[in-house]
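Reader: I am new to this structure. Can you take me through it in short steps?

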Amino acid sequence: MAVAATVPYLAMKTSWLAGSHIGIPAGSVLLEPGLLITVANAVTVLMDASVIALVLVLTRPWGMRLPPWLLIVPAFVATGLLTPIVLAFPGQLLLTTLGLGPDAAEQAAKEPFLDPWVFQVVYSGFIVQALALAGLFVPYARERWGRRWQGPLGARLPSPPGGGGGAAAALAVVVSAAHFYWAFGGTAGHNAAQIAQYSSDTGVGSAVHGICALTAGAGALLLARGGDRRAGWPLAVAWTGAASTLCWGMGMLAAFTGGEPGPDERTTTATYLIYAGQMITALLATAVVGRFLAGRRAA
């Protein structure tokens with residue numbers, strides 16, 4: 001199922017690399033010639049194709065013999081990139097169904113980017129990929145590393161990773177508060193272009209960023225504190241939150257720093273600080289996850 005779900009995205013991106021304009025409306029920035037867009041399309045083709053390789057690793061006997069990092073790194077990135085889509089896209093569809101989404105006039109006023117059906121097909125495929133990969137990764141991880149989260153959390157993690165859990169939780173509260181503020185239409189810290197582009201869709205996206213940051217902080221704090229609680233759920237929460245917060249924080253910062261923005265598109269210092277804080281939160285949570293697993297291995 002995961003392999004089949006990659007077909008629409010791979011077919012569309014490959015056609016773009018071959019010169020096709022399917023799904024791209026007239027006037028879209030994607031039609032502008034440039035090496036950056038070509039490279040971005042090629043990289044995303046490779047990223048989605050890696051899902052096929054990941055499926056093979058998770059379903060073939062030789063996958064158990066691979067070095068752990070060769071699986072953990074792609075699985076972490078896949079978790080980070082796909083989880084926010086799994087949360088945000090259904091939420092956006094729900095608001096649209098309830099009549100709370102962007103109206104036709106609002107959509108028409110925006111600069112063209114992609115035909116609406118492209119998002120429907122691509123994001124639906126991503127959600128199927130996410131669910132299928134989770135269904136393959138969990139039993140694989142249980143068989144190979146299940147002993148590391150069997151039983152209670154155990155003793156509190158020593159410093160510095162133990163303190164990192166508290167720091168991640170505290171910073172996550174600040175980051176998530178900013179994202180929730182933007183989700184409900186707050187304008188402080190946004191430039192004129194971001195304010196003009198606000199809609200229920202962007203609001204849902206901001207809310208999901210906030211949820212992921214809180215998840216990363218909460219999971220890191222639970223792992224660092226230890227205790228009698230079973231380790232599986234705190235580890236899953238910290239892993240998912242850290243991966244999502246890190247991958248999308250890096251992606252957003254890269255988008256903000258790329259290209260030459262117009263006078264209304266210059267990224268504000270506040271925006272940079274929030275996304276930098278998002279990445280720091282994720283890195284702290286990732287460090288706690290790594291230290292926790294390393295300690296379980298030693299035990």
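Reader: Is glutamine 194 buried or exposed?
Author: This is a predicted model. Glutamine 194 sits in helix H8, residues 192-196. The cut-off for buried is under 20% relative accessible area. Glutamine 194 has 18%, so it counts as buried.

Reader: Which residues does glutamine 194 touch, not counting residues up to four places away in sequence?
Author: Start with a separation in space. Glutamine 194 and arginine 266 are 72 residues apart in sequence, and their C-alpha atoms are 9.8 Å apart. The residues that glutamine 194 touches are Gly189, Phe256 and Thr271.

Reader: Where does leucine 114 lie, and is it buried or exposed?
Author: Leucine 114 lies in the loop between helix H5 (104-109) and H6. Its relative accessibility is 17%. Buried means under 20%, so leucine 114 is buried.

Reader: Which residues does leucine 114 touch, not counting residues up to four places away in sequence?
Author: Leucine 114 and glycine 27 are 87 residues apart in sequence, with 10.0 Å between their C-alpha atoms. Setting aside residues up to four places away, the touching residues are Trp16, Gly23, Ile24, Pro25, Leu30 and Phe119.

Reader: Where is alanine 2, and what is its relative accessibility?
Author: Alanine 2 has its place in helix H1, residues 2-5. It counts as buried, because its relative accessibility is 3%.

Reader: Which residues are in contact with alanine 2, leaving aside neighbours within four places in sequence?
Author: Take the C-alpha distance to alanine 134 as a start. The two residues are 132 apart along the chain and separated by 9.9 Å. Beyond its sequence neighbours, alanine 2 is in contact with Val51, Val55, Gln129 and Ala132.

Reader: And alanine 5: which residues is it in contact with, leaving aside neighbours within four places in sequence?
Author: Alanine 5 is also in helix H1. It is buried, at 10% relative accessibility. Its C-alpha is 17 Å from that of proline 84, which is 79 residues away in sequence. The contacts of alanine 5 beyond its sequence neighbours are Gly125, Val128 and Gln129.

Reader: How many aromatic pairs does a search of the whole structure find?
Author: The search covers the whole structure. The number of aromatic pairs found is seven.

Reader: What kind of pair do phenylalanine 76 and tryptophan 239 form?
Author: The ring centres of phenylalanine 76 and tryptophan 239 are 5.2 Å apart. Their planes meet at 90°. Planes over 60 degrees apart count as edge-to-face, so this pair is edge-to-face.

Reader: How many residues apart in sequence are the parts that this pair ties together?
Author: Phenylalanine 76 lies in helix H4 (residues 68-97). Tryptophan 239 lies in helix H10 (residues 232-257). Both residues are buried. The pair ties together parts whose separation in sequence is 163 residues.

Reader: Which helices does the pair of phenylalanine 89 and tyrosine 123 link?
Author: This pair is edge-to-face, at 5.3 Å centre to centre and 85° between the planes. The two residues are 34 apart in sequence. Phenylalanine 89 belongs to one helix and tyrosine 123 to the other: H4 and H6.

Reader: Which of the two is buried and which is partly exposed?
Author: Phenylalanine 89 has 7% relative accessibility, so it counts as buried. Tyrosine 123 has 25%. Partly exposed runs between 20% and 50%, so that is the class of tyrosine 123.

Reader: Which residues do ring pairs link into a cluster?
Author: Phenylalanine 89 and tyrosine 123 both belong to the cluster. Its full list is Tyr9, Phe89, Phe119, Tyr123 and Phe126.

Reader: Which element gives the largest share of the largest nonpolar core?
Author: The core has 59 residues. Leu58, Leu71, Leu133, Phe137, Leu223 and Phe292 have the most contacts inside it. Elements giving two or more residues include H3, H4, H10 and helix H11 (269-298). The largest share is 11 residues, from H6.

Reader: Which residues is phenylalanine 292 in contact with, leaving aside neighbours within four places in sequence?
Author: Phenylalanine 292 is one of the residues with the most contacts inside the core. Apart from its sequence neighbours, it is in contact with Arg148, Leu153, Leu157, Leu223, Ala231 and Leu235.

Reader: Which residues form a nonpolar patch on the surface?
Author: Leucine 56, in helix H3 (residues 35-59), is one of them. It is partly exposed, at 35% relative accessible area. Together the patch residues have about 300 Å² of accessible area. They are Val3, Ile52, Leu56 and Trp62.

How values were computed: Residues numbered from 1 in each chain as written. Predicted model: local features only at pLDDT ≥ 70, side-chain atom pairs only at ≥ 80, totals over all residues. Heavy atoms only, no water. Patch = residues over 30% accessible without salt bridge, like charges linked within 9 Å, V, L, I, M, F, W, Y side chains within 5 Å. Areas by Shrake-Rupley, 256 points an atom, 1.4 Å probe, with all protein chains shown as cover. Salt bridge = Lys/Arg side-chain N within 4 Å of Asp/Glu carboxyl O. Helix = DSSP H or I, 4+ residues; strand = E, 2+ residues; numbered from the N terminus. Buried < 20%, exposed > 50% of the residue type's maximum accessible area, 1.4 Å probe, protein only. Phe/Tyr/Trp six-rings, centres within 6.5 Å; stacked < 30°, edge-to-face > 60°. Core = buried A, V, L, I, M, F, W, Y, C linked by side-chain atoms within 4.5 Å. Contact = heavy atoms within 4.5 Å.
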